[in-house]
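Here's a quick walk through two helical spots in this model. Have the coordinates open and follow along.

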Amino acid sequence: SLPLTSSMHLIQVDSVQRWMEDLKLMTDCECMCILQSKPISIEKDEQNELILSSQHGTCDNLQLLLKRAWIISTELTRIAQKLEKNRWQRVHSMTVRVNCHVQSMINEYNTFTRNSSEEMHQFEKLLIDKCSEFTAFTERCIQTEDEQMLKSMKSCINETLTTVAQYFGQLIELVLTHEAQNLLRQMELLDSVYVTESAISGLFSLTQEGAHLCRIIAKEGGVAALFKVCRQECFRCLYPQTLRTLASICCVEEGVQQLEKVDGILCLADILTDNSHSEATHAEAAAVIAQITSPHLTFTQHLSSFLENMEEIVTAVVRLCQEASSGEVFLLASAALANITFFDTMACEILLQLNAMKILLAACSDKQMVDTPYSRDQVVTILANMSVLDQCASEIIQGNGVQLLMEMLFEKPSSGNSSEVAACERVQQKAAVTLARLSRDPEVADAAVKLSCIPRLIKLCRSPTERNNSDSVLVACLVALRRLAVMSPDALEDSDFQQLVKPRLVDSFLLCTNMEESFV
């Protein structure tokens, strides 16, 4: 299934790039640490903060806030580690730094926010006071060498650190909720395309900061507000980015629950079956379907409204696969189909009736359409799930599907990218699983033998590098090999039969996992 992430989380970026971005924040703070409690005029402070903030829009300001929050969070963790080792000097300097960061964060936020609540101001004051208390505590610690006193103060500092972290977490939660509410209020006005687009863009940025923010947006009614946009004809041009934002929110249970509550699946079915919508809109609607039917999410198995609309949705998504103008559109549509085949077994029968096998096999021969291991992973997932049906074998033979499965056993990553390597392993594993299932049909088994599938399966079993040391690929290949050996025993050499077919599966598995490359 497809990991539907549009951009990386701010922490998961190149370390040098992170350092460059954080340098301004860190150096400001270091200057403040040196000046510590020397007075700086209020006017000058405000002016400096405004210069820093005026260069950014609302989304940029939120990014700045989240970066500052990330730095504070990291520093608090490091303080706890240094405290454990009784590194009092380091604890104090880091506490001063956190204090500065907290004050800067609050000042920065207050320069760009509007209508912040009384509760937020109370938490700001609580946090600032607790940080000052924390700094005073650690200062006393570096001024004494009395071990007994340091020991008794350590528990107080630990307690204060916990309270600072708690207040900080609550303040950030309030700030993010407040920002989500502002964006949703702006969106619910359904004022102009420009204002609504700006609000949706802001919401999408928030969803990219992780599951917690998606929960906040869902809790504040974000799913209902986005579907409201999708039901307004005048906002058709905004449907793609509205649906993309919905797909992001639906990575959390609260998002899926809200979608079910507001009849979101019916709305998605209407969009997918309406041919007057653009391909981009259809593709993003398919992405929402892929997200809410993901087999990795345990909470999506009770979507009763999905089953009611499944035939319509599957029919529309198959058509999208057939008519896709790019590899990206095909990937989103095939991911939706792959996940639906896990979601309900009836989907495989619908796909068979719709000639989906023929459409998918034809797409695989078009290198512009199925151009990555990720797309092939979706296709082979559908084939593996459909191969439990008896009628599937003749479709595979007609569409030259055994040849395709053989090619998939040779899947190799074009780079060392870990997600691409994992996708290649899944392609190899599922291709072997599909072959094993389909080889109960003598015609498929015969085609597989003629295409030299047996030597390739043996190579994958015996050579760890061919399967990228993957145990799941090994098990699938051993099972497929045994199935083909039953149908065509003469195609194996005796040593292969004795080691890979005759023993118990677990013994052959252990033998192959202990093989050195020179053994091949």
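Keep in mind that this is a predicted model. Let's begin with α11, whose buried residues pack against five neighbours that are worth pulling up: α8, α9, α10, α12 and α13.

| Helix packed against by the buried residues of α11 | Residues |
|---|---|
| α8 | 211-219 |
| α9 | 222-230 |
| α10 | 239-249 |
| α12 | 264-273 |
| α13 | 279-292 |

Which residues of α11 are buried? In this helix, spanning residues 253-261, they are G255, V256 and L259. They sit on the same side of α11, because the arc they cover around the axis is only 95 degrees. That fits the usual helix geometry: with 3.6 residues a turn, residues three or four places apart point the same way. After α11 comes D263, which has a positive phi, near 55 degrees.

Now over to α25 (residues 494-501) and α26 (residues 505-513). Their axes are 7 Å apart and the packing angle is about 110 degrees, so the two helices are roughly perpendicular to each other. On the α25 side, the contact is made by Q499, L500 and V501, while α26 brings S508, L511 and C512. Sorted by type, the contact residues are four nonpolar, two polar and no charged.

S508, a residue of α26, deserves its own look. Is S508 buried or exposed? S508 has a relative accessible area of 0%, so it counts as buried. The S508 side chain makes a polar contact with the side chain of R482, at 2.8 Å. Setting aside neighbours within four places in sequence, S508 is in contact with L478, R482, Q499, L500, V501 and P503.

Definitions and conventions: Residues are numbered from 1 along each chain as its sequence is written. This is a predicted model: local features need pLDDT of at least 70, side-chain atom pairs count only at pLDDT 80 or more; totals for chains, interfaces and linings use all residues. Side-chain values use heavy atoms; hydrogens and water are left out. Buried means under 20% relative accessible area, exposed over 50%, partly exposed in between (1.4 Å probe, protein chains only). Helices (H or I, at least four residues) and strands (E, at least two) are DSSP runs, numbered from the N terminus. The arc is that of the directions from the helix axis to the C-beta atoms. Contact means heavy atoms within 4.5 Å. Axes are lines fitted to C-alpha atoms, for helices over the stretch in contact, and angles run from 0 to 180 degrees between N-to-C directions. Angles under 35 degrees count as roughly parallel, over 145 as roughly antiparallel, 65 to 115 as roughly perpendicular and the rest as oblique. Ala, Val, Leu, Ile, Met, Phe, Trp, Tyr, Cys and Pro count as nonpolar, Asp, Glu, Lys and Arg as charged, and the others, Gly among them, as polar. A polar contact is a pair of N or O atoms within 3.5 Å; within protein, one must be able to donate a hydrogen and the other to accept it, and residues adjacent in sequence count only if both atoms are side-chain atoms.
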